Amino acid sequence: SINTAGVIVGDADLPQFTHAFRYVDGTMTDLGSLDGRMSFARDLNDFGTIIGYSTVGGASGGYQHAFRYDNGLMYDLGTLAGESASSEANSINSLGVIVGASDAWGGTAWTRHAFVIENGVMTDLSPYLATVGLSGLSIAEDINDNGDIIGYALDAAGNGHGFLLLVPEPSTPALLSLGALAW
């Protein structure tokens, strides 16, 4: 990803692991990880806040958690289902609102649920998607500065649909309307 200042983020292979990086004015900086192993940068905003996901739990952990990287520090954003689950952050807007997906209990089995993080609170978007019949796996891929969220989700039959959550300011989780397109 690249912001309007030309700052680039991504991930690079190191001798043992892959780490997220920031590239500014010809200098690549290793962002590290939450547990010393793997990390992947997915997006950054114009204020330089970077988001992505990193392994957690050291050599014994098999999970990844969404992170936010600010001022030289990587912060674990958690999951919808506690420490023994995975999450990933996919996009951040200029207001610092983050979207992604997390493991969650889907009623009868574990699945991925789209989420939004606003003011430090992770909110599951699956109840909003369920109002239009999208009750399976869901992943939020991007968010704009208006708070509109796009992603994809499955219906009860397992068919995939793109979605657009149109939301009023300033409350991202409040749903105005949702459009679903089959894919």
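**Entry 1: the four-stranded sheet**

I began with an open sheet of four strands, whose order I read as E4-E5-E6-E7 and whose pairing is antiparallel. Strands E4 (39-44) and E7 (73-78) stand at the edges with a single partner strand each, so one side of each is left without a neighbour in the sheet. I then looked up the twist, and found that neighbouring strands of this sheet are turned by 35 degrees against each other on average, direction ignored. I note that I am reading a predicted model throughout.

**Entry 2: pairings inside the sheet**

I went through the pairings next, keeping in mind that strands of a sheet pair through backbone hydrogen bonds, either parallel or antiparallel. E4 and E5 run antiparallel and are joined by five bridges, and in this pairing Ser 39 has Ser 54 of E5 as its bridge partner. The two strands form a hairpin with five residues between them, and in the turn I found Gly 48 with a positive phi of about 90 degrees. Strand E5 (residues 50-56) also pairs with strand E6 (residues 63-70), again in the antiparallel sense, over seven bridges; for Ile 51 I recorded Arg 68 in E6 as the bridge partner.

I also asked how enclosed E4 is by the rest of the structure. Five of its six residues are buried, so E4 is largely enclosed by the rest of the structure, although it stands at an edge of the sheet with a single partner strand.

**Entry 3: Asp 103 and its surroundings**

I moved on to Asp 103, which has its place in strand E9 (residues 98-105). Its side chain makes a polar contact with the side chain of Arg 112, at 2.8 Å. When I left aside the neighbours within four places in sequence, the residues in contact with Asp 103 were Leu 80, Ala 81, Ala 85, Ser 86, Trp 110, Thr 111 and Arg 112, so that Arg 112 appears in this list as well as in the polar contact.

**Entry 4: positive phi outside glycine**

Which residues have a positive phi although they are not glycine? I noted Asp 25, with a phi of about 50 degrees, and Asn 119, with a phi of about 55 degrees. Asp 25 lies in the loop between strand E2 (18-24) and strand E3 (27-30), while Asn 119 lies in the loop between strand E10 (110-118) and strand E11 (121-124). I checked accessibility for both: Asp 25 is exposed, with a relative accessible area of 77%, and for Asn 119, also exposed, the value is 77%.

**Entry 5: the chain as a whole**

For the protein chain I counted one helix and 15 strands. Of its 183 residues, 46% are buried, and the accessible surface comes to about 8800 Å², with 55% of that belonging to carbon and sulfur atoms. Taking contacts between residues at least 6 apart in sequence, I found that 33% join residues at least 24 apart.

**Entry 6: confidence**

I closed with the confidence values, where the chain averages a pLDDT of 88 and 87% of the residues score at least 70. Over residues 169-183 the pLDDT stays under 50, and for this stretch the model has 53 contacts beyond four places in sequence. Where pLDDT is low, the predicted coordinates should not be read in detail.

Terms used: Residues numbered from 1 in each chain as written. Predicted model: local features only at pLDDT ≥ 70, side-chain atom pairs only at ≥ 80, totals over all residues. Heavy atoms only, no water. Pairing = 2+ DSSP bridges. Axes fitted to C-alpha atoms, helices over the stretch in contact; angles between N-to-C directions. Polar contact = N/O pair within 3.5 Å; in protein donor to acceptor, adjacent residues only side chain to side chain. Contact = heavy atoms within 4.5 Å. Buried < 20%, exposed > 50% of the residue type's maximum accessible area, 1.4 Å probe, protein only. Areas by Shrake-Rupley, 256 points an atom, 1.4 Å probe, with all protein chains shown as cover. pLDDT = per-residue confidence, 0-100.
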